[in-house]
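I opened the model today and kept a running notebook. The entries below follow the order in which I looked things up.

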Amino acid sequence: MRIRGYAPLTPCWVELASADPARAAQFYGELFGWESAGDRFKLGGRAVAGLTRSGATRPDGWLTHLSTPDLEETLEQVALSGGVCVSDPADAHGGRRAIVADPAGAVIGLWEPDDFAGAQAGGEPGTMSWPELITDDPSAAALFYGSAFGWLLRHDFGVGEWLNQAHDAIAGLASGYRGAWWRAAFQVEDIQATADLCERLGGALLAEPAEAGLSEFAELRDPFGARFTVAAPLHRPVELTVSLGSLGGLPAFE
């Protein structure tokens, strides 16, 4: 499905920082069927993720970004809520970006679009899926993200969900330990097949496939140490039973 824009303060883009972008591009190209196009990965000609070289302000790993119409205003609200700016606003390919961290240290990007709104496809294998905040202090996280972005944390289907100001579910929350971080996720057709392929390509399976809410997921690691999740919607059969006695007013059959 082609995507042309994003609501304010919702996940819009995900970018990988790697010490060896060329090898990383080869790995993810084989894993997800992506095409390498400079600083972007594409799927069927549509940009689905970014690629950059890691450095002092961008350690190795995946970074989820939130769309914002006013970068400076969002940064001010982050600071007032107890967060910190890790990387100051700077021009990027198609917009402006800054990187912030919540009080527990979880890092997330902010993206103010110019002529590039973010990922151009979603809802299909090989595209950005449900990012999750992993944290050992959900209560503190709820206070920060509620104040900084206007999000509401709710628990449904046995998992935590972040709702934006329009009450749309936009991201997840999962209990963790040893600090906090944002975990990027990608939709795939077959969880087990993707995990097996990741291992054959030199990556690793960190968490066996499991069900959470309406999805199945597994946590993987690429050959260079970057962690990410792959997810697939669960397809459960629905049984519908109709009692003829409840269908009053219908003609009788002889």
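**Entry: Glu 161**

Leaving aside its neighbours within four places in sequence, which residues is Glu 161 in contact with? I looked up the list and found Trp 130, Leu 152, Leu 153, Arg 154, Asp 156, Ala 169, Ala 171 and Gly 172. I note at the start that this is a predicted model. Glu 161 sits in strand 11. I checked its exposure next. Glu 161 has a relative accessible area of 10% and is therefore buried, the cut-off being under 20%.

**Entry: the chain as a whole**

I stepped back for the overall numbers. I get 4 helices and 17 strands for the chain. Its C-alpha atoms fill a box of roughly 80 × 45 × 40 Å along the principal axes. The chain has 254 residues, and 44% of them are buried.

I then asked how the contacts are spread along the sequence. I took the contacts with a separation of 6 or more, and 60% of these come from residues 24 or more positions apart.

For the surface, I find about 12900 Å² exposed. Carbon and sulfur atoms supply 51% of that area. For charge, I have 17 positive and 34 negative side chains. The centres of the two sets lie 6 Å apart.

**Entry: Glu 132**

I went to a second glutamate. Glu 132 belongs to strand 9, which covers residues 132-135. Is Glu 132 buried or exposed? Its relative accessible area is 15%, so I log Glu 132 as buried.

What does its side chain pair with? I find a polar contact of 2.6 Å between the side chains of Glu 132 and Arg 183. Arg 183 also turns up in the contact list of Glu 132, taken without neighbours within four places in sequence. The other entries there are Gly 172, Leu 173, Ala 174, Trp 181 and Trp 182. I had already met Gly 172 in the list for Glu 161.

**Entry: cysteines**

How many disulfides does the count come to? I get 0. I looked at Cys 12, which is in no disulfide. The nearest cysteine sulfur to that of Cys 12 belongs to Cys 85 and is 16 Å away. A disulfide needs the two sulfur atoms within 2.5 Å. I also checked exposure. Cys 12 is at 0% relative accessibility and counts as buried. Cys 198 is buried as well, with a relative accessible area of 0%.

**Entry: positive phi**

I looked for positive phi in residues other than glycine. Leu 9 has a phi of about 60°. I place Leu 9 in the segment before strand 1, a strand that runs over 11-18. With a relative accessible area of 15%, Leu 9 is buried.

His 167 also has a positive phi, near 65°. Where is His 167? I find it in the loop between strand 11 (159-163) and strand 12 (169-175). His 167 is at 55% relative accessibility, so I count it as exposed.

**Entry: pairs far apart in sequence**

I started with Ala 7. Ala 7 lies in the segment before strand 1. At a relative accessible area of 37%, Ala 7 is partly exposed. How far apart in space are Ala 7 and Ala 166, C-alpha to C-alpha? I read 9.1 Å, with the two positions 159 residues apart in sequence. Ala 7 is in contact with Ser 67 and Asn 164, once neighbours within four places are left aside.

Gln 77 came next. I find Gln 77 in helix 2, residues 71-80. Gln 77 is partly exposed, at 29% relative accessibility. Its partner here is Phe 149, which is 72 residues away in sequence and 7.8 Å away C-alpha to C-alpha. Leaving out neighbours within four places, I list Ser 147 and Ala 148 as the contacts of Gln 77.

I finished with Ala 56. Ala 56 lies in the loop between strand 4 (46-53) and strand 5 (61-67). Its relative accessible area is 86%, so Ala 56 goes down as exposed. The C-alpha atoms of Ala 56 and Ser 87 are separated by 9.9 Å, and these residues are 31 apart along the chain.

How values were computed: Residues numbered from 1 in each chain as written. Predicted model: local features only at pLDDT ≥ 70, side-chain atom pairs only at ≥ 80, totals over all residues. Heavy atoms only, no water. Helix = DSSP H or I, 4+ residues; strand = E, 2+ residues; numbered from the N terminus. Buried < 20%, exposed > 50% of the residue type's maximum accessible area, 1.4 Å probe, protein only. Contact = heavy atoms within 4.5 Å. Areas by Shrake-Rupley, 256 points an atom, 1.4 Å probe, with all protein chains shown as cover. Lys, Arg positive; Asp, Glu negative; His and termini not counted. Charge placed at Lys NZ, Arg CZ, Asp CG, Glu CD. Polar contact = N/O pair within 3.5 Å; in protein donor to acceptor, adjacent residues only side chain to side chain.
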